Amino acid sequence: MRIGMSVDRLRRMKHNPTCPQCGRKRTPNKKCLHCIKAKNKAYYALHKDKLSEAGKQRNRAKRQACLDHYGGHCACCGEKRVEFLAIDHVNGGGSKHRLELFGKRNAGGPAFYSWLKKNGFPTGYRVLCHNCNTSLGLYGYCPHQRDSTCPSTSIPPSSQQPCRTEAGP
């Protein structure tokens with residue numbers, strides 16, 4: 001098994017350091033970076049639909065793996081529909097954490113799911129539906145926690161409205 005470039009390739013590059021296609025300085029490959037990027041761009045343009053769909057499928061699989069690992073349903077209200085679920089930082093600080101990881105507060109999604117998997121699905125995360133997650137972020141509590149008829153009651157009730165753990169009015 002060879003490691004690195006062959007001696008012949010190094011000799012060819014030394015004698016002819018220009019790209020055969022455009023004449024620019026080339027990489028150890030046969031073409032320069034400009035030609036390689038142009039070829040990749042043309043390939044993507046021809047196969048955009050196929051590549052886009054494949055990317056969506058990979059991202060959905062990453063998300064599903066994370067949701068499954070952390071329980072697969074909302075830890076507060078029990079919502080199970082994947083479209084409504086999100087990964088939550090149990091102790092808050094999600095935007096600060098994403099800023100540290102990716103350099104942006106609003107980053108996340110596939111990159112965050114990859115990070116979770118790469119780091120062995122660390123503790124400190126849970127699945128919440130978007131309603132519960134938003135309520136916790138904005139108000140510091142979830143209405144399900146304040147409702148006495150909810151299965152996950154940990155805060156005294158503030159109203160007499162029944163808990164809505166299933167879809168309906």
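## A tour from Asp88 outward

Start by selecting Asp88: setting aside neighbours within four places in sequence, Asp88 is in contact with Gly124, Tyr125, Arg126, Leu128 and Asn133. Keep in mind as you go that this is a predicted model.

**Stop 1: Asp88 and Arg126.** Colour strand E1, residues 85-89, and you will find Asp88 within that strand. Is Asp88 buried or exposed? Asp88 has a relative accessible area of 9%, under the 20% limit, so Asp88 counts as buried. Now show the side chain of Arg126, which makes a polar contact with the side chain of Asp88 at 2.7 Å. The two side chains also meet in a salt bridge, 2.7 Å from N to O. Because Arg126 belongs to strand E2 and Asp88 to strand E1, the pair ties together parts that are 38 residues apart in sequence. Unlike the buried Asp88, Arg126 counts as partly exposed, at 24% relative accessibility.

**Stop 2: the other charged pair.** How many salt bridges does the count come to? The count is two. Select Arg81 and Glu79, whose side chains meet in a salt bridge of 2.8 Å, N to O. Here Glu79 is buried, with a relative accessible area of 13%, while Arg81 is partly exposed at 38% relative accessibility. As background, side chains of opposite charge can pair when their charged atoms come close.

**Stop 3: helix H5.** Move on to H5 and pick out its buried residues, which are Phe112, Tyr113 and Leu116. Look down the axis of H5: these buried residues fall within an arc of 100 degrees, so they line one face of the helix. What do they pack against? Their partners are helix H3 (48-69), E1, helix H4 (94-102) and E2. Turn to the other side of H5 and you will meet Lys117 and Lys118, both exposed.

**Stop 4: past the end of H5.** Follow the chain onward to Gly120, which comes after H5 and has a positive phi, near 70 degrees. Then select Phe121, in the loop between H5 and E2. Phe121 has a positive phi of about 50 degrees, although it is not a glycine. For context, most residues other than glycine have a negative phi.

**Stop 5: the aromatic rings.** Stay with Phe121 and add Tyr70, Phe112, Trp115 and Tyr125 to the selection; together these five residues form one aromatic cluster. The structure holds six aromatic pairs. One of them joins Phe112 and Tyr125 in an edge-to-face arrangement, with 5.8 Å from centre to centre and 65 degrees between the planes. Since Phe112 lies in helix H5 (residues 110-118) and Tyr125 in strand E2 (residues 125-129), this pair ties together parts that are 13 residues apart in sequence. Both partners are buried: Phe112 has a relative accessible area of 6%, and Tyr125 has a relative accessibility of 12%.

For the final selection, show Tyr139 and Tyr141. Their ring centres are 6.3 Å apart and their planes stand at 45 degrees, so the pair is tilted. Tyr139 is exposed, with a relative accessible area of 57%, whereas Tyr141 is partly exposed at 24% relative accessibility.

Methods. Residues numbered from 1 in each chain as written. Predicted model: local features only at pLDDT ≥ 70, side-chain atom pairs only at ≥ 80, totals over all residues. Heavy atoms only, no water. Phe/Tyr/Trp six-rings, centres within 6.5 Å; stacked < 30°, edge-to-face > 60°. Helix = DSSP H or I, 4+ residues; strand = E, 2+ residues; numbered from the N terminus. Buried < 20%, exposed > 50% of the residue type's maximum accessible area, 1.4 Å probe, protein only. Polar contact = N/O pair within 3.5 Å; in protein donor to acceptor, adjacent residues only side chain to side chain. Contact = heavy atoms within 4.5 Å. Arc of directions from axis to C-beta. Salt bridge = Lys/Arg side-chain N within 4 Å of Asp/Glu carboxyl O.
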